[in-house]
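Dear colleague,

I am passing on the structure that we discussed, and my notes on it follow below. Please read them alongside the coordinates and tell me where you would like further detail.

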Amino acid sequence: MKYLDEYRDGELTRGLIKEIAETTTKDWVIMEICGGQTHSILRSGLDQLLPTKINLVHGPGCPVCVTPLELIDKAITLAAKPEVIFTSYGDMLRVPGSQKDLFSVRAAGGDVRVVYSPLDVLKIAKENPDKEVLFFGIGFETTAPANAMAVVQARTQGLENFSMLVAHVTVPPAIVALMESPDVQVNGFLAAGHVCTVMGYWEYEPLAEKYQIPIVVTGFEPVDLARGILLCVQQLEKGQRKVDNAYTRSVKREGNRPAQEIIRQVFEHCDRPWRGIGVIPMSGYRLKDEFAKFDSEKRFPQITEITTQESEICISGLVLQGLKKPNECPAFGKECTPQTPLGATMVSNEGACAAYFQYRKRTG
Ligand code: SF4
C-alpha cells in the first residue's frame with residue numbers, strides 16, 4: 001500500500017470487520033484515545049458496522065477539550081490586554097471560557113490572530129517589537145516538538161517579546177489515570193498514531209504489563225482503525241496483554257529521537273489539570289526554568305488568580321473517560337450544539353460531542 005485512498009478502501013475495511021466479527025466471542029470495551037480517531041470512526045460509521053459485542057468508547061485525546069477552563073480564561077484575559085498580540089491555532093478561538101471566548105475578544109478590538117505554526121509567531125514578534133506576542137501552546141506530544149523549537153529559536157534570535165501560554169498534556173499518565181479509576185470499564189486501548197510517531201511506543205509497554213491491557217498503536221483511516229481494533233480483539237480473545245503496532249508505516253518503537261530530544265531540552269513534566277477530569281499527576285509539560293522568560297504565566301503573574309465556573313449540566317468529563325457517550329448527555333443537540341456549545345467537546349474539531357452531532361445528529 002502506498003497511497004492514502006488505499007487506507008479508505010471499503011472492501012478492505014469490510015474484510016477486516018468480518019475478521020473482527022469472526023474473532024469476537026465476548027463483550028469488549030475498547031477506547032480510542034485520540035479525537036481524530038473518534039471523528040474518523042463516526043464519519044465512516046465503523047462503530048455501527050462492528051459486532052454488537054464491541055463497544056467503542058471515546059477517550060480524552062482531544063487537546064482542545066481537555067485544556068482547563070481556567071487556562072482558557074487566562075488566555076482570554078491576556079488576549080484582551082492592549083499591549084498583547086495573542087496567537088493561537090484556530091480551534092481554540094471558539095472554545096467558551098467562563099464568560100466569553102477568544103473570538104469575542106477579537107470582536108471587541110483585541111489583537112487575536114490565528115496561526116498555523118508556532119514559528120509564524122516568532123515572525124510576528126520580530127515585526128512588532130513594541131508588543132507582547134503570546135502563543136497558546138496546547139496539544140499532546142505531537143505538537144510539543146514544534147512548540148519547543150519555537151522557544152529555542154526565540155532564545156537564539158534574542159526575542160524579548162515572545163512567550164507561550166503552555167497547556168501541553170501527555171498520553172501515558174492519562175492511561176494511568178483511567179486505569180486507576182474505580183469506574184474503569186476499558187478492556188483495550190487504541191493509542192494515537194501521530195503521538196506514537198513522535199514518542200514511539202516503548203512508554204506504553206510497562207502500562208500494558210502493569211494494567212494487563214492491550215494497547216494497539218493505530219492510525220486514522222478506516223482500514224487503519226479496523227486493523228487496530230482487530231489486533232486488540234485478537235489479543236483480548238487470546239488472553240494476551242501487550243503493545244501492538246498497527247501503524248507501522250509511520251511508527252517505530254523508539255519514535256522520533258530528535259523530536260523527543262528537543263522536547264526534553266525545553267520542557268519538563270508537571271502535574272496538569274484536565275478539563276472535566278481533574279489533575280493528573282505528571283501529565284503536562286511546562287517550560288524548564290532556563291526558558292522561564294518565555295513563559296506567559298511568569299511574564300504576567302497577575303493572571304494566576306482566575307477562578308472559573310463550569311456548566312452544571314455538561315457531562316464531558318464522563319465522556320472523556322469513556323463512561324458516557326455524547327448522546328447520553330441530556331443537553332446534547334438541545335441546549336448544547338456546535339453553535340451553542342456548553343462544553344469543549346462540542347466545540348473542538350476533535351471533540352466527541354461535535355463528532356456525534358455532525359455524523360449522528362440527534363438520533364444517537
Ligand atoms: S453534549 Fe454538550 S453539554 Fe453534553 S457533554 Fe457534550 S459538550 Fe457537554
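Which residue in E6 is the bridge partner of Ile138? The partner is Ala167.

Before going further, please bear in mind that this is a predicted model, in which local features need pLDDT of at least 70 and side-chain atom pairs count only at pLDDT 80 or more, while totals for chains, interfaces and linings use all residues. Residues are numbered from 1 along each chain as its sequence is written, and side-chain values use heavy atoms, with hydrogens and water left out.

The pair just mentioned belongs to the parallel strands E5 (residues 132-139) and E6, which are joined by 7 bridges; strands here are DSSP runs of E with at least two residues, helices are runs of H or I with at least four, and both are numbered from the N terminus. Two strands count as paired if DSSP finds at least two bridges between them, and by that criterion an open sheet of 4 strands has the order E4-E3-E5-E6 with parallel pairing. Its edge strands, each pairing on one side only, are E4 (111-114) and E6 (162-168). Helix H7 (residues 118-127) lies across E3 (84-88), E4, E5 and E6, running at about 175° to E5, where contact means heavy atoms within 4.5 Å and angles, from 0 to 180 degrees, are taken between N-to-C directions of axes fitted to C-alpha atoms, for helices over the stretch in contact.

A further open sheet has 5 strands in the order E2-E1-E7-E8-E9, again with parallel pairing, and its edges are E2 (54-61) and E9 (243-245). Strand E1 (residues 28-34) is joined to E2 by 6 bridges, and Val29 has Asn55 as its bridge partner in E2. Helix H12 (residues 222-238) lies across E1, E2, E7 (188-192), E8 (215-218) and E9, at about 165° to E8.

As for the ligand, the residues around it (a heavy atom within 4 Å) include Cys314, Cys329, Cys336 and Cys353.

Best regards
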